[in-house]
Amino acid sequence: MAQIHIFLHAFILFLSLFFVVTNEKKHETVTEVCPNTPSVSPPLKSKTTKAERRALQEAQRAAKAASKANGNSAVAESGKAALAKSKNQSSLKKDGPPVTSEVTIDKKSGNRPPEKERKKDAPPQRMQFDDQNRVGKAKRRALVNQTEAKNRVELFRHLPQYDHGSQLPNLESKLFQLDSVHPAVFKVGLRYMAGDISGVNARCTEMLRALQEAIIDYSTPPEKVLIRELTAKISSYISFINECRPLSISMGNAIRFVKRRIAKLPLSHTDVEAKTALCSDIDRFINEKIIIADKVIVGHASTKVRDGDVLLTYGLSCVVEMILLSAHDVGKKFRVVVVDSRPKLESQALLNRLIAKGLSCTYTHINAVSYIMHEVTKVFLGASAVLSNGTVLSRVGTACIAMVAHAFSVPVLICCEAFKFHERVLLDSICCNEIGDPGALATVPGRMDINYLENWTNEENLQLLNLMYDVTPSDYVSVIVTDHGMIPPTSVPVIVREYGQEHYLI
Amino acid sequence: MDFQVVVLAGGVSKKLLPLVSHELPNALLPVANRPVLSYVVELLELSNLKDLIVVVEGKDTALNVGAWISGAYADRLHVEVAAVPEDVGTAGAIRAIARHLYAKDILIVSGDLVSDVPIGAVAATHRRHDAVVTALLCNTPVSGPLESVSSGGKDKAKKPGRYDLIGLDPTKQFLLHIATGAEVEKDLRIQKSILRSVGQVEIRADLMDAHLYAFKRSVLLEVLDQNGEFHSLKHDVLPYLVRSQLKSEVLLNGTPQAEENGTEKVISQSNQQMLSQILANASEPTFHLRHELSTNGSDSVRRTHKCCVYIAGSNKYCARLNSLQAYNDINRDVIGEASHLSGYSFSSHNNIIDPTAELGAKTTVGPHCMLGEGSQMGDKCSVKRSVIGRHCRIGANVKVVNSVVMNHVTIGDGCSIQGSVICSNVQLQERATLKDCQVGAGYMVTAGSDCKGEVLTKK
């Protein structure tokens, strides 16, 4: 609410500025027009006032556009001034009604272009799952019926949490009912929900491949434009996939890329040409942004591995695995410490593959990481996304590893492709996260005797929380290895700006 | 969703012989006064599958079935009835209609299946694992108390012949072994390679193959082409695919690299490899993948294909009409426990009496019974757990217990019918007693005859 007041006050200040400016202009136009046609004064007067109003509008627009450039600083200052003003509650109330009318006029006249730009820049409002209205609306539109889980943790009510037991059978039995969903997209959604695919690279690739197949099978209905129809269809597929499993931040980048390429298709293209162009674009994206990027990262990072190193890795990152294997192939002598955590125990697969290739490994769980860190010389971690303030979003537990490494003065290298960079900023792990299956915490596979939490759903006082992601602040990250080179975390916004969405596939 | 449905409706089977005839083929045998094929068609319609191919053996039978289908389902479904020569077996039937199949996956349903299992779930499992074949397994239905002795099974040792021996992997998703109980005499043979890669095989005898399969079309047609001697899907094709799942000889992708949307290959060969590596590492490795990767030094990559199963929940009903005993059981179940399948609404006494049926004085119709339209019952009759068809004339003092009476049957006074099946147009004269018998169509049972466990048909 305070924010609205500040905004309002900023408007008031702008208005005062403009009315000063336009008053001057008014005088100028009046003196100009009058000497020309003195005889036709009554209609002229209205004409001049109309023209004068138009001139007023133009002047306001120009002034607004001009002030926008240095307006950010002005807004900040006016914001502070408004804060001081807002302490006067009575003046607020008095100014309220007359100011709103002025605000609306101003909005109608000169505000539209700047506001449009502002709307484009601001990200669309994200779905918060503790807002009953929006949840209700989304449920009615949803293709997949999911029942909400019981015993949800209060702090994470804004995240979607569904009953995992019934999700998959529900979706499976609907295979033939969901005619609007392309079979390839349904398959990807099914595999996401079943947990068959994990890891951003694989998920992104599978999703893009499914979209490719959907594009190939797509045909424009008569009397409709390909661009709009295809974009609408793809949006519906993406919302289906989102219902199966919430999209990660970097997958949003890939989807925006696809939509941008569709929007840029020249209208003269026929269906077939457009489809082949799109498919080859998607292929190029996968090739350049994932496969070749991985090769470049491996090339950069392998130079950092020296003989006698002890490298620590956590979780299952395909890039880190490739780095370790390529360094081993080149012939460097090093040891690997593989750290793992429940309930996913993902690193065991990595461990298997490393041992099969002959690397010497140590395996431990995250509760012992502070005891093994004194042996470690470098830490290699993967990321799910890297945000503009240098924070790294990755598997839960990564922040812990990075902190311990920092405490022991061990350098932390994050290996991440550039398409995972996002202009968003996150300060904590709570705003944007994903909640996994709490039942996985309650059971230990292979240990039937540890069944104390068997009836955890019936316990009123018990809430299980299984978070999937966490956020590592930029202080704990030494360098980020990307396909653009090895950059410090403070340079992430530069990459986002310079090599951002507009420059993909040049 | 890129699925095509084929219903194998059979012809005139020998196992159901007194009941079926040229005029009444297998598919149109009435269960709870509805042809058994209607259960399959309704199940498919519920799952939104409106395009079916029904395969029938024999031209006349095909005409019969086609006439019934177009009468009952003309506007709701699009059904093609294909006639195949008799005795070609299920594999031969698929070979015959191969040119009508174009979708990526084929769903093959046996026409004598009475079930309420969601078909979408079987198809989804098939898609999810990219399997070559997915089979539906259900709990073996409990057999009725009155074993029909005249079914030809004089030797009691053959009694457990109806179950299958199924080998599953620990996650209960993949099919490792399948054999019908009848084939197994002393020992069971399991492939060593399969056992070695999986580590643990669970052999179950309480699951039954419901004859509902989802096949990948290219693989099915290839297997049928290469092995011309395969006669039956269940006995030949399925075990072949299950046995060879780790030494696959079938081409999985049809024409793999040839189609690239006409553009030159954007992703080069080594990059493709890397991509498949990323994707493989990201997913849970099944034992197929582990087997493929463990090719120590041999150049030829061992290809594998997956055979999946879907195990129906224990609250779902699933039964196949392949013997006389099964016919009795299914009739009893459909009007009894699985009454939601019959589609009728039960009256307060837990039975279905058609409004046009007439009951005489002091006639009792017990629970779990069904009376068709236009039937008339005399006085002092009692009907227990039976199904009576349309336009029957039943005299006085008749007892019908645990039986199925089809349409247009005339039963004289004082008859007693127990555990029997009486086909259409039969005439029973006074005081005939039938116990565990099957009476073929058009027969006339003389007065006062006392039959136990016989098959009575017109010569």
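Which residues does Phe240(A) touch, not counting residues up to four places away in sequence? In this predicted model, Phe240(A) touches Leu143(A), Val144(A), Leu171(A), Leu178(A), Val181(A), Val185(A), Phe186(A) and Gly189(A).

## The nonpolar cores

Phe240(A) is among the residues with the most contacts inside the largest nonpolar core, which has 119 residues. The others in that group are Leu171(A), Phe176(A), Phe186(A) and Phe380(A) from chain A, with Leu37(B) and Leu107(B) from chain B. Helix α12 of chain A, residues 271-302, gives the most to this core, with eleven residues.

A second core, separate from the one above, has 38 residues. Val55(B), Ala93(B), Leu233(B) and Leu241(B) are included in this second core.

## The two chains

Chain A has 506 residues, and 45% of them count as buried. The chain holds 18 helices and ten strands. Among the contacts in chain A with a separation of 6 or more, 78% join residues 24 or more positions apart. Chain A exposes about 26200 Å², and carbon and sulfur atoms supply 56% of that area.

Chain B has 459 residues, of which 52% are buried. Eleven helices and 32 strands are found in chain B. For contacts in this chain with a separation of 6 or more, residues 24 or more positions apart account for 56%. The accessible surface of chain B comes to about 20700 Å², with 50% belonging to carbon and sulfur atoms.

## Aromatic pairs and charges over rings

Over all chains, the whole structure contains seven aromatic pairs. One of them joins Phe176(A) and Phe3(B): the ring centres are 5.4 Å apart and the planes stand at 80°, so the pair is edge-to-face. An angle over 60 degrees is what places a pair in that class. This pair crosses between chains. Phe176(A) belongs to the loop between α7 (164-173) and α8 (183-194) of chain A, while Phe3(B) belongs to strand β1 (residues 3-10) of chain B. Both Phe176(A) and Phe3(B) are buried. Phe176(A) is also one of the residues with the most contacts inside the largest nonpolar core.

Elsewhere, one aromatic cluster is formed by Phe257(A), Phe285(A) and Phe419(A). Charged side chains also lie over rings in each chain. In chain A, Arg203(A) lies over the face of Tyr192(A), at 5.1 Å from the ring centre. In chain B, the charged end of Arg34(B) sits over the ring of Tyr39(B), 4.1 Å from the centre of that ring.

## A buried helix face in chain B

Helix α6 of chain B covers residues 217-226. Its buried residues are Val219(B), Leu220(B), Leu221(B), Glu222(B), Val223(B) and Leu224(B). The cover over the buried residues of α6(B) includes two helices of chain B, α3 (89-96) and α7 (233-243). Strands β6 (105-110) and β12 (207-216) of chain B are also part of that cover.

## Two buried polar residues in chain A

Asn253(A) lies in helix α11 (residues 249-263) of chain A. Its relative accessibility is 2%, so Asn253(A) counts as buried. The side chain of Asn253(A) makes a polar contact of 3.0 Å with the side chain of Arg256(A). The side chain of Asn253(A) also reaches the backbone oxygen of Phe421(A), at 2.8 Å.

Thr391(A) is in the loop between β5 (385-386) and β6 (392-395) of chain A. With 6% relative accessibility, Thr391(A) counts as buried, because buried means under 20%. The side chains of Thr391(A) and Asn389(A) are joined by a polar contact of 2.8 Å. Leaving out residues up to four places away in sequence, Thr391(A) touches Ala385(A), Val386(A), Leu426(A), Val471(A), Thr472(A), Pro473(A) and Ser474(A).

## An exposed arginine

Is Arg228(A) buried or exposed? Arg228(A) has a relative accessible area of 62%, so this residue is exposed. Arg228(A) is found in helix α10 of chain A, residues 226-244. Its C-alpha atom is separated by 8.7 Å from that of Ile262(A), and the two residues are 34 residues apart along the chain.

Definitions and conventions:
Residues are numbered from 1 along each chain as its sequence is written. Chains are lettered from A and ligands numbered from 1 in the order in which they are written. This is a predicted model: local features need pLDDT of at least 70, side-chain atom pairs count only at pLDDT 80 or more; totals for chains, interfaces and linings use all residues. Side-chain values use heavy atoms; hydrogens and water are left out. Rings of Phe, Tyr and Trp (its six-membered ring) pair if their centres lie within 6.5 Å; planes under 30 degrees apart count as stacked, over 60 as edge-to-face and the rest as tilted. Helices (H or I, at least four residues) and strands (E, at least two) are DSSP runs, numbered from the N terminus. Buried means under 20% relative accessible area, exposed over 50%, partly exposed in between (1.4 Å probe, protein chains only). A charge sits over a ring if NZ of Lys or CZ of Arg is within 6 Å of the ring centre and within 35 degrees of the ring normal. A nonpolar core is a set of buried Ala, Val, Leu, Ile, Met, Phe, Trp, Tyr and Cys residues joined through side-chain atoms within 4.5 Å. Contact means heavy atoms within 4.5 Å. Accessible areas come from the Shrake-Rupley method with a 1.4 Å probe; for residues, only the protein chains shown count as cover. A polar contact is a pair of N or O atoms within 3.5 Å; within protein, one must be able to donate a hydrogen and the other to accept it, and residues adjacent in sequence count only if both atoms are side-chain atoms.
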